[in-house]
Amino acid sequence: MTPEQIAEVRPRLVEFTAGMLGGLARSDQKAAGELYVRGLLTDGRRKSMQPMAERLGVDHQRLQQFITSSTWDYVAVRRNVARWFAGSQPVEALVVDDTGFAKDGAASPCVARQYSGTLGKTANCQVAVSVHLVNERASCAANWRLSCPESWDDEALDDPVAAAGARRRRERAAIPGEVRHREKWRLALDMIEDMTGPGGWGVLDLVTAAGGARPVVAADIGYGDNALFRQQLTDRGWQYAVAVKGSTTAHDGDAVPQARPYGGLGQPPKPAYPRPPATLRTLALARAGQVRPVTWRQGTKATRDNPAAAMTSCFLAIRVRPASRHIPRAADRSFPACWLLAEWPPEADEPSGYWLSTLPEDTPIEELARLAKIRWRVEHDYRELKTGLGLDHFEGRSYLGWHRHVTLAVLAQAFCTMLRTDPKAPAPG
């Protein structure tokens, strides 16, 4: 936003940030928080502290002190932002994803040579997991965790020299003792529990109190193809629509375990499926005749051939029973059934994408496709947060500082969302 646009909405910004920073004890902290958010919103190539301070006309140490040494709880601010969104917007899905932050040196907290889908390669970077509250018109990047690589966890390293090095890096970055190497999908489950579980942020209570249904969890292949992640969601009462690989295996939805011959010695054999599971690709190819066009939402880019900007492709939806040792079987030894959704573009010889979903059996294919594709909002969030709001511009070297910077970037995006969804407000650029 230009300085002129900032000036026009400044009273609303002060009011909004005061509400989100309401848990801060001192008025000077709230003022510093609003100042930092204003710096993130103001146009400029870099949103690190020094350039922001120059544009704001303040000493950069004021921003630095607020981020690095002032006493305030960034989790409470995230909770306030998430509750504001859940109380003002429908929440149709919780979308899980992660993003990378390229780094040059080795001093940033949790930086390591690791794979980042954002960068498309293994590189020196930080990786953060995020959970977003989403509907088709708006979204909120509500919760974040900086992933701690194994090389930063001295308790996970057998080599004493490597463990000592990890301890030194942890001390310099002031990483809390409870922060340890943990798979990204487990971090995602932890964050969902924080947001919706008993004694947590109360997001789910706000959604249901407004008459909304329990949101669906959506995720890309990095999470969805993990049977343990899917089963944990089911065990916690969540329905999901998650991307998976075509090589994932399942039985046909109509397949039934059959009794096996018993010779009379030892324990009787348990019922088993008559054939081994097939890949989702194989199951989809066998039902090619069921593919049909589906429009799942209206886009924004109208063309002469598509004046309504309809998002349309061809899909196949069939019932399958994913096979995995991590999925509990019923008493008859059957695996639970769910939806397989496959996108099959008209010009393609086979599907281009696969999803598994535990949405009800009577769910229309249009709704399956819409919720499977709803994670497009996360790409919007990352793009806005990184290109416009300086999410990845933090140059500090503390774990706490990183999380505070990210939290205030999320607050800035929430303010933009408020302006966009209020027809009386000037829209941010």
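1. Let's start with a pair of strands. Strand β5 (residues 216-219) and strand β6 run parallel, and three bridges join them. One place to look for this pairing is Val217, which stands opposite Tyr240 in β6. Please keep in mind as you read on that this is a predicted model.

2. Stay with β6 for a moment. How many of the residues of strand β6 (residues 240-244) are buried? Five of the five are, so the strand is largely enclosed by the rest of the structure. Try following the side chains along β6: Tyr240, Val242 and Val244 point one way, while Ala241 and Ala243 point the other way. Both sets are buried.

3. Now move on to another partner of β6. Strand β6 also pairs with β12, here in the antiparallel sense and over four bridges. To find this pairing on your screen, pick Val244, whose bridge partner in β12 is Tyr354. So β6 is a nice strand for practice, because you can look at its pairing and its burial together: five of its five residues are buried.

4. From β12 you can walk further. Strand β12 (residues 353-357) pairs with β11 in the antiparallel sense, over five bridges. Within this pairing, Leu341 stands opposite Trp355 in β12. Strand β11 itself covers residues 338-343 and is mostly covered, with six of its six residues buried.

5. One more step takes you to β10. Strand β10 (residues 310-322) pairs with β11 in the antiparallel sense, and six bridges link the two. Here Val320 stands opposite Cys338 in β11. Remember Val320, as this residue comes back in the next point.

6. Next, a single residue. His251 has its place in strand β7 (residues 249-252). Is His251 buried or exposed? The relative accessible area of His251 is 7%, and a residue counts as buried under 20%, so His251 is buried. Which residues does His251 touch, not counting those up to four places away in sequence? They are Tyr273, Arg275, Pro276, Pro277, Leu283, Val320, Arg321, Ala323 and Phe335. Val320, which you met opposite Cys338, is thus one of the residues that His251 touches.

7. Let's turn to helices. Two packed helices are described by the angle between their axes and the distance between the axes. For helix α7 (residues 184-196) and helix α10 (residues 227-235), the axes come within 10 Å and cross at roughly 15°. Angles under 35 degrees count as roughly parallel, and α7 and α10 are therefore roughly parallel to each other. The crossing in which α7 passes α10 is right-handed. On the α7 side, Trp185, Ala188, Leu189 and Ile192 take part in the contact, and they meet Leu228, Phe229, Gln232 and Leu233 in α10. Sorted by class, this contact of α7 with α10 holds seven nonpolar residues, one polar residue and no charged ones.

8. Finally, look at a second helix pair. The axes of helix α3 (residues 49-56) and helix α4 (residues 60-68) come within 8 Å, and they cross at roughly 130°. That angle makes α3 oblique to α4. Helix α3 passes α4 in a right-handed crossing. In the contact, Met49, Gln50, Met52, Ala53 and Leu56 of α3 meet His60, Leu63, Gln64 and Ile67 of α4. What classes do the residues of this contact of α3 with α4 divide into? Six are nonpolar, three are polar and none is charged.

Conventions:
Residues numbered from 1 in each chain as written. Predicted model: local features only at pLDDT ≥ 70, side-chain atom pairs only at ≥ 80, totals over all residues. Heavy atoms only, no water. Buried < 20%, exposed > 50% of the residue type's maximum accessible area, 1.4 Å probe, protein only. Pairing = 2+ DSSP bridges. Contact = heavy atoms within 4.5 Å. Axes fitted to C-alpha atoms, helices over the stretch in contact; angles between N-to-C directions. Parallel < 35°, antiparallel > 145°, perpendicular 65-115°, else oblique. Left-handed = near helix turned anticlockwise from the far one by under 90°. Nonpolar A, V, L, I, M, F, W, Y, C, P; charged D, E, K, R; others polar.
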